[in-house]
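Colleague: Before I use these assignments, I would like to hear the reasoning behind them. Please take them one at a time.

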Amino acid sequence: MTFEDYIALAIFVLLWAGFTWASDGRRNFKRVSLNRLMNEHRARWIRNSLNRDLKMIDTQIIAGLQAGTAFFASTTIFALGGCFALLGATDQVQMIFNDLPQIFRSGRTGFELKVGGLTCLFGYSFFKFGWSYRLFNYCSILMGGIPMMADMNRDRQAAERAAERAIRMNTLAAKHFNAGLRAMFLSIGYLGWFISPYIFVVLTAFVIFVLTRRQFYSEARTALIENA
């Protein structure tokens, strides 16, 4: 590990933390993030369920959210397996790197530390996706506790409290899902570290740029504003 490696790693962590702080949906900027807009639509969806007895629509939406979360959780398991396989093939990888003139050679220990960091990155994603799946499961239970319209009319406040609990659980599940997905996106930038710390910084900045554009300047965000 060189001084440039430590600087690049520090920039990676700072960019990750800064983007998370700006886009998690809790910051009230003049330009609203895509996550914040989606949180508002989540709340609108669940409050709208108070006005219908047919809850099959809501259960299908929850099932779709769980399926997507389970897919990414399974993907991170395969990625973790690849990382451990890479650790077992360090000598072969080093031989390949030595034949490439543009590779920044950091030595065996540096390579293993980088693979260890990549493993931690995918491990973090897995725990985020796993917890998000569990929270979506809790949300489905809370959705089942929202009373039918006949019961709601007898105690409107209790029904609204049940809906608000489901909204908070659904929003929290989405927050953890987004955190896991963000880590997977940033792993693309992290891969540049195996070439050079400078490539590491450039790729990470590029990934953050793409994610920022999607959060604050994308067509998806515009569509939500136009349909609000």
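Modeller: This is a predicted model. Being 4 residues apart in helix α7, E160 and R156 are about one helical turn from each other.

Colleague: What makes E160 and R156 a salt bridge?

Modeller: Their side chains meet at 3.1 Å, N to O. The cut-off is 4 Å between a side-chain nitrogen of Lys or Arg and a carboxyl oxygen of Asp or Glu, so the pair qualifies.

Colleague: Why is E160 called partly exposed?

Modeller: Its relative accessibility is 36%. Partly exposed lies between the buried limit, under 20%, and the exposed limit, over 50%, so E160 falls in that class. R156, at 37%, is partly exposed too.

Colleague: How do you know whether D58 and R52 are buried or exposed?

Modeller: D58 has a relative accessible area of 2% and R52 has 16%. Buried means under 20%, so both count as buried. Their side chains form a salt bridge at 2.5 Å, N to O.

Colleague: Which parts does the salt bridge between R47 and E164 tie together?

Modeller: R47 lies in helix α2 (residues 34–48) and E164 in helix α7, so the bridge links parts 117 residues apart in sequence. The N to O distance is 2.9 Å. R47 is partly exposed at 41%, as is E164 at 27%.

Colleague: How many salt bridges does a search of the whole structure find?

Modeller: The search finds 3.

Key. Residues numbered from 1 in each chain as written. Predicted model: local features only at pLDDT ≥ 70, side-chain atom pairs only at ≥ 80, totals over all residues. Heavy atoms only, no water. Helix = DSSP H or I, 4+ residues; strand = E, 2+ residues; numbered from the N terminus. Buried < 20%, exposed > 50% of the residue type's maximum accessible area, 1.4 Å probe, protein only.
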